[in-house]
Amino acid sequence: MLRLSWENWLEEHNGGLSKGGYTISHTNQIFAVETYLEEYSGPYGDAYSWLPDTPHRFLHELVNDPNPWITELLEDNPRFGVFPTSSVGGPVQVHPDTWEQNKRHWEPPTGRYHAPQWQGSLSDAAFFWSGAEEPTPEEWAEAQRQIEENKRQQAELERSRPRYRHLFIASESVMVEILCEGLPRWEWVEVSQDA
């Protein structure tokens, strides 16, 4: 059996933002999942057997840009018209009709990675002083420096990694196709036939 898990987590450096360092947020969303027992149904109705004569386990990542699965999802669901549906970072891919309707208001689709000038998901975030007393001017200046460093580090992380992953993970009996934000943790576990 294939066990997959995703998690969001915070990565603290030098004690985190509250102790003079910075804290980076790692998020993981699952956008789409398909399972295939014998045949892989590729984009546009193509299907073929993925089970070789000697079954094996594997992980493959599809790195095409634009992504064929996202293109197919947008064509099958034109009223949504944009991937991902959240506006953080702008669209990765947009259905042509949706783009025509919104191109005056949106940044162009970025594709697999954020644009080099992307300022990060924290660029407009508000930070608050949580001390028991008002900060001194020196404390406030140091807090502002830490906040800017935190924003810079978060933006650098987001620009360095793909905005989505298109994965194929297979055990001996099933293949899973996943469109997700970050890499999952996976393991093959033995399950008794009695379970």
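**Figure 1. Asn67 sits at the start of helix 1.** In this predicted model, a side-chain oxygen of Asn67 comes to within 2.8 Å of the backbone nitrogen of Trp69, right at the start of helix 1. The helix itself spans residues 68–76, and its buried residues are Pro68, Trp69, Ile70, Glu72 and Leu74. Look around these residues and you will find that their cover includes strand 4 (30–36) and strand 7 (58–62), along with strand 8 (82–83), strand 9 (93–94), strand 10 (165–170) and strand 11 (175–180). For orientation, the whole chain has three helices and twelve strands, and 36% of its 195 residues count as buried.

**Figure 2. Asn28 occupies the loop between strand 3 and strand 4.** Strand 3 covers residues 22–26, and Asn28 follows in the loop that leads on to strand 4. Although Asn28 is a loop residue, it counts as buried because its relative accessibility is 14%, under the 20% cut-off. Its side chain reaches the backbone oxygen of Glu7 at 2.6 Å. Setting aside residues up to four places away in sequence, Asn28 touches Trp6, Glu7, Asn8 and Trp9, and also Glu181, Gly182 and Leu183. Contacts across the sequence are a wider theme here: residues 24 or more positions apart account for 60% of the chain's contacts with a separation of 6 or more.

**Figure 3. Phe31, Phe83 and Tyr164 form one aromatic cluster.** The whole structure contains three aromatic pairs. In the pair shown here, the ring centres of Phe31 and Phe83 are 4.9 Å apart and the planes meet at 75 degrees, so the arrangement is edge-to-face. Phe31 belongs to strand 4 and Phe83 to strand 8, so this pair ties together parts that are 52 residues apart in sequence. Is each ring buried or partly exposed? Phe31 is partly exposed, at 27% relative accessibility, whereas Phe83 is buried, at 8%. On Tyr164, please also notice Arg112, which lies over the face of the ring at 5.6 Å from its centre.

**Figure 4. Thr98 is a buried residue of helix 2.** Helix 2 runs over residues 96–102 and includes Thr98. The relative accessible area of Thr98 is 9%, so this residue counts as buried. Which residues is Thr98 in contact with, leaving aside its neighbours within four places in sequence? They are Pro78, Phe80, Gly81 and Trp106. While you are in this part of the chain, have a look at Glu100 and Lys103, whose side chains meet in a salt bridge with an N to O distance of 3.2 Å. Lys103 is partly exposed, at 40% relative accessibility.

**Figure 5. Arg152 forms salt bridges with Glu149 and with Glu156 in helix 3.** The structure holds seven salt bridges. Between Arg152 and Glu149 the closest N and O atoms are 2.9 Å apart; between Arg152 and Glu156 they are 3.1 Å apart. Helix 3 covers residues 137–160, and within it Arg152 and Glu149 are three residues apart, about one turn of the helix. Arg152 and Glu156 are four residues apart in helix 3, again about one turn. An α-helix has 3.6 residues a turn, so residues three or four places apart point the same way. Arg152 is partly exposed, at 40% relative accessibility. Glu149 is partly exposed at 23%, and so is Glu156 at 40%. Elsewhere, salt bridges that share partners join Glu61, Arg112 and Arg165 into one network.

Key
Residues numbered from 1 in each chain as written. Predicted model: local features only at pLDDT ≥ 70, side-chain atom pairs only at ≥ 80, totals over all residues. Heavy atoms only, no water. Helix = DSSP H or I, 4+ residues; strand = E, 2+ residues; numbered from the N terminus. Buried < 20%, exposed > 50% of the residue type's maximum accessible area, 1.4 Å probe, protein only. Contact = heavy atoms within 4.5 Å. Polar contact = N/O pair within 3.5 Å; in protein donor to acceptor, adjacent residues only side chain to side chain. Phe/Tyr/Trp six-rings, centres within 6.5 Å; stacked < 30°, edge-to-face > 60°. Lys NZ or Arg CZ within 6 Å of the ring centre and 35° of its normal. Salt bridge = Lys/Arg side-chain N within 4 Å of Asp/Glu carboxyl O.
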